[in-house]
Amino acid sequence: MDLRATYDYIIVGGGLAGLVLASRLSEDQSTTVLVLEAGRSGDDVIEGINSPSGAYYSSIVGTEYDWLHVTTPQTSMGNRSVGWPRGKILGGSSAMNAMYLVRPAKVEVDAWQDIIGDDKKRWGWDNMFNFMKKAENFHPPTEEVLSYTNISYDASTHGSDGPMQLAYPAVMISINNNWTSSLERAGVPTLPNPNGGVTLGGFITPSSINPSNWTRSYSRSAYIDPLPPRANLHILPDSTVLRLVLGDETDKTGEHKATGVEFAKDAQAAKSTVNVKKEVILAGGPLGSPKVLMHSGVGPKDVLEDAGVQVKVELPGVGQHLQDHLTAGVVWQTPIETAGNIKDSGSDFSRTPEFLSFINDAVAFINVTALFGGSEPVPAFQQQILDALEESSKTLVPSEYPEVVEGYKAIYETTANKFLPEVAQLEMLMSLISPGVVSIQSALQHPFSAGRTYINSSNPFDPILIDPQYYSHYADLVLMRQGVRFVRTVGAAFGDVLGAEITPGPDVQTDEQLEAWLVQGAANTQYHPTGSCAMLPKSKGGVVDADLRVYGLANVRVVDSSVFPFEFAAHLASATYGVAEQAATFLKATTYAADGSPVDRNVSSASFVGRSSVLGLCSALLVYLLAFHF
C-alpha cells in the first residue's frame with residue numbers, strides 16, 4: 001500500500017545481485033529503491049533454505065520456488081531436454097544453490113577485461129578480487145575439523161567484514177580425509193591457497209555458511225534481513241516485470257530512456273506501472289534479464305518480429321553467447337559411512353545443526369594436460385580446434401547477425417588460445433550425500449559450444465526458450481570423455497575406500513561407449529549459465545558496455561551473471577557478488593543531469609576499494625563527495 005509512484009532506482013529481480021544492489025544503494029537515505037521480484041518471499045520454506053543440507057535433502061528445486069525451466073530438445077544429446085533449475089524467490093538461485101565458494105582464475109578475469117577493452121581497468125583480476133572479497137566475512141575451519149581433515153586455506157584471499165558469511169561445515173565425513181591424498185596419488189597437487197587467483201589443484205572449499213548458527217548465508221540473509229527498517233527501500237515479491245516503459249529515441253544521443261517498469265502478479269492480475277527517476281537495473285539472471293529486454297522491444301530484430309514484439313532497439317546480442325557447464329558423475333559403492341548413511345539413520349546427531357551444515361565441499365580443477373595424460377597430444381588438439389573456427393562460426397552460431405558471429409569468434413579464440421593451455425578445463429566434485437555410495441562429478445568448464453535464449457511469444461508470462469546447443473562443438477564431448485577417464489583414475493587412487501563402480505559401470509570403456517553414455521543421459525547442467533547479456537563491444541554482439549549499460553538505452557544496466565562473456569572455471573556466485581558490489585560503487589559515483597540521464601564520472605571504481613595509504617583513502621572520499629554534491 002505504500003508503493004511510491006516514482007523511485008530513483010528500480011531493480012528488476014530480487015536474486016543474488018539484485019539484493020546486493022538494493023542494500024548498497026539504499027544506504028543513502030535520500031535515495032529511493034524498489035526491488036520487483038517475480039517469486040515469493042520464501043518465508044514459508046525458510047527452514048529448508050536456511051539449513052545447508054536442505055540443498056541436498058529437501059531442495060526447493062522442482063517446487064513453486066523454482067522457475068522450472070527446461071531446454072529445447074538438444075540435437076547433439078539425442079534430442080533430450082535438460083532441466084535448468086533457477087530460484088524464483090527472494091535471494092534467487094543463492095537460496096537454492098550448493099553454496100560452493102570457488103572463484104575464477106586471474107587469467108580468466110583478466111581475459112574478460114581484455115575482450116571488452118576496459119580502459120578503466122575495472123573488470124580485471126586486481127580490481128574484481130577486491131570486490132569479491134568485499135562481499136565476504138571469512139571464518140577459518142574449526143580446530144576440531146582441522147584435526148581430522150586436510151584443509152588448506154589462506155585467510156588473506158578472503159574478505160573479513162562483508163555481509164556474506166563464509167565458512168566450512170561444523171563436521172566433515174571421514175572420506176573427505178582421502179580426497180587430497182588420493183588426488184595427489186593421481187597426479188593432482190593440493191592447492192595451498194584456493195580462491196587467490198589460481199584454481200589448478202585439489203582442495204576443500206569454503207561455503208556460504210554462517211558458523212554462528214550453521215545456516216545458509218545467501219543474498220537475502222546477508223544483505224537484507226540484518227538491515228534496520230529503511231523507508232527508502234521497498235521490496236515487492238510476487239511481482240513479475242513484464243517490460244520496460246521506454247520513451248521515444250532522443251535527439252541528443254539516439255538512445256531510449258526508460259521512464260518506468262510495468263509489472264503484474266500473474267497473467268490474470270491487473271498490470272501496474274511504476275516510474276523511475278534515475279535508472280532501471282536488470283538483475284534477473286541469464287534468463288530473466290534478456291527476457292525483459294526482448295519483451296521491451298530490445299533485442300534481435302528477427303526474434304522480436306517473429307514473437308510479435310515491436311522493435312525499439314535492434315540489439316542482436318540479447319540472448320546470444322549462452323554457455324553452461326555440463327557435468328556427469330562416476331558412482332562407486334563404498335563400505336565407509338557417508339553423509340547419506342548418517343542422514344538415513346535418524347539418529348539424534350543426524351538432526352543437529354552441526355551435521356546438517358555438512359555439504360559437499362571437496363573439489364579439484366585439472367587442465368588439458370592431465371586430461372590427456374601428458375602434454376604431447378595437447379598442441380595437436382588445440383590446433384585442431386583453431387582450424388575448426390571458421391567452419392564452426394558458419395554452422396554453429398544461432399544468429400543471422402555478423403556482429404554475433406564476430407563475438408563468437410572472439411570468445412572461441414580466447415578459449416582456445418588463453419584457456420585451453422593455461423586454465424582448468426575440468427572440475428571434479430565429490431558427493432557423499434547418498435547412502436552407501438560415493439560420486440565424483442566430472443564438469444566441463446570451458447565449452448566451445450554456445451547457444452541462445454529467446455522468446456517466441458509477446459506474452460511475458462510464456463516461458464523463455466533455452467537452447468545451449470550442448471555438444472554442438474565436438475571438442476566438448478572429447479573433453480568430457482577424457483574427464484570421465486580421469487575421474488576413474490582418481491577413484492582408483494582411493495583404494496579400498498571405494499568398491500565396485502556402479503555408473504557408468506565396468507562395461508563402458510571405449511571412447512565410443514563413453515561418448516554414447518554422455519550423450520544419452522549422463523550429462524546434465526551444473527547450474528552455471530552465463531553470457532546472454534554479454535559484456536562485449538556492440539560490434540561483437542555485446543549487450544552491455546564496461547559500465548554495464550545496455551547499448552541503445554540511456555539509463556538501463558544489467559547487473560548479474562549474464563554479463564560474463566564466457567564461462568569461468570569456477571562457480572559463479574563469488575564473481576556475481578563482485579559484479580554487484582562494484583556496480584553499486586560506480587552507481588553511487590554517477591551524477592545525473594536535470595532530465596535524469598546518468599553522467600558517469602571519469603574515475604575508476606578501483607579508487608573505492610583496496611586503498612592502503614591515507615592519501616588513497618582521502619582521494620577516494622573526495623571523489624565520492626564530489627559525485628554526490630556537484
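Below, a student and a tutor talk through a predicted model.

Student: Let's start with the annotated spots. Where does UniProt place the feature "active site"?

Tutor: This comes from an unreviewed UniProt entry, so treat it as an annotation that may be inferred rather than shown by experiment. In the model, the annotated residues span 44 residues in sequence, yet no two of their C-alpha atoms are more than 7.0 Å apart, so they gather at one spot. The record puts the feature at His528 and His571.

Student: Is histidine 528 buried or exposed?

Tutor: Histidine 528 sits in the loop between β23 (524-525) and β24 (556-558). Buried means under 20% relative accessible area. With a relative accessibility of 8%, histidine 528 counts as buried.

Student: Which side chain does the side chain of histidine 528 join in a polar contact of 2.9 Å?

Tutor: Look at its surroundings, skipping neighbours within four places in sequence: histidine 528 is in contact with residues including Gln323, Asp324, His325 and Glu567. His571 is one of its contacts too. The partner in the 2.9 Å side-chain polar contact is histidine 325.

Student: And which residue makes the polar contact of 2.7 Å with the side chain of histidine 571?

Tutor: Histidine 571 lies in the loop between β24 and α19 (573-588), and at 8% relative accessibility it counts as buried. Beyond four places in sequence, its contacts are Tyr100, Val102, Glu427, Leu429, Gln526 and His528. The side chain at 2.7 Å belongs to glutamate 427.

Student: Moving on to α14. Why do the buried residues of α14 line one face of the helix?

Tutor: Helix α14 covers residues 378-387, and its buried residues are Val378, Phe381, Gln382 and Ile385. An α-helix has 3.6 residues a turn, so residues three or four places apart point the same way. On the other side of α14, Ala380 and Asp387 are exposed. Seen down the axis of α14, the buried ones line one face because they fall within an arc of 100°.

Student: Glutamine 382 caught my eye there. Which residues does glutamine 382 touch, not counting those up to four places away in sequence?

Tutor: Glutamine 382 is in helix α14, and at 18% relative accessibility it counts as buried. What covers the buried residues of α14 includes α13 (368-371), α15 (389-395), α16 (402-422) and α17 (474-493). Glutamine 382 itself touches Ala416, Asn417, Leu420 and Pro421.

Student: What about α4: how many of the eleven residues of helix α4 are buried?

Tutor: The buried residues of α4 (106-116) are Glu108, Val109, Asp110, Ala111, Trp112, Gln113, Ile115 and Ile116. They pack against α5 (125-134), α16 and α19. Right after the helix comes glycine 117, with a positive phi near 70°. Helix α4 is largely enclosed by the rest of the structure, because its buried count is eight.

Student: Now the hydrophobic side. How many residues has the largest nonpolar core?

Tutor: In soluble globular proteins, nonpolar side chains tend to be buried together. Here the residues with the most contacts inside the largest core are Trp112, Trp179, Leu244, Leu293, Met428 and Val550. α17 gives the largest share of this core, ten residues. The whole core has 184 residues.

Student: Which residues does the second, separate core include?

Tutor: This one is a set of seven residues, separate from the core just described. Among its members are Ile49, Ala95, Met96 and Tyr218.

Student: Last topic, aromatics. Is the pair of tryptophan 123 and phenylalanine 586 stacked or edge-to-face?

Tutor: A pair of aromatic rings is described by the distance of the centres and the angle of the planes. For tryptophan 123 and phenylalanine 586 the centres are 6.4 Å apart and the planes are at 85°. Planes over 60 degrees apart fall in one class, so this pair is edge-to-face.

Student: How many residues apart in sequence are the parts that this pair ties together?

Tutor: Tryptophan 123 counts as buried at 0% relative accessibility, and phenylalanine 586 counts as buried at 9%. Both belong to one aromatic cluster, along with Trp112, Phe419, Phe564, Phe566 and Phe568. Tryptophan 123 lies in the loop between α4 and α5 and phenylalanine 586 in helix α19, so the separation in sequence is 463 residues.

How values were computed:
Residues numbered from 1 in each chain as written. Predicted model: local features only at pLDDT ≥ 70, side-chain atom pairs only at ≥ 80, totals over all residues. Heavy atoms only, no water. Buried < 20%, exposed > 50% of the residue type's maximum accessible area, 1.4 Å probe, protein only. Helix = DSSP H or I, 4+ residues; strand = E, 2+ residues; numbered from the N terminus. Arc of directions from axis to C-beta. Contact = heavy atoms within 4.5 Å. Polar contact = N/O pair within 3.5 Å; in protein donor to acceptor, adjacent residues only side chain to side chain. Core = buried A, V, L, I, M, F, W, Y, C linked by side-chain atoms within 4.5 Å. Phe/Tyr/Trp six-rings, centres within 6.5 Å; stacked < 30°, edge-to-face > 60°.
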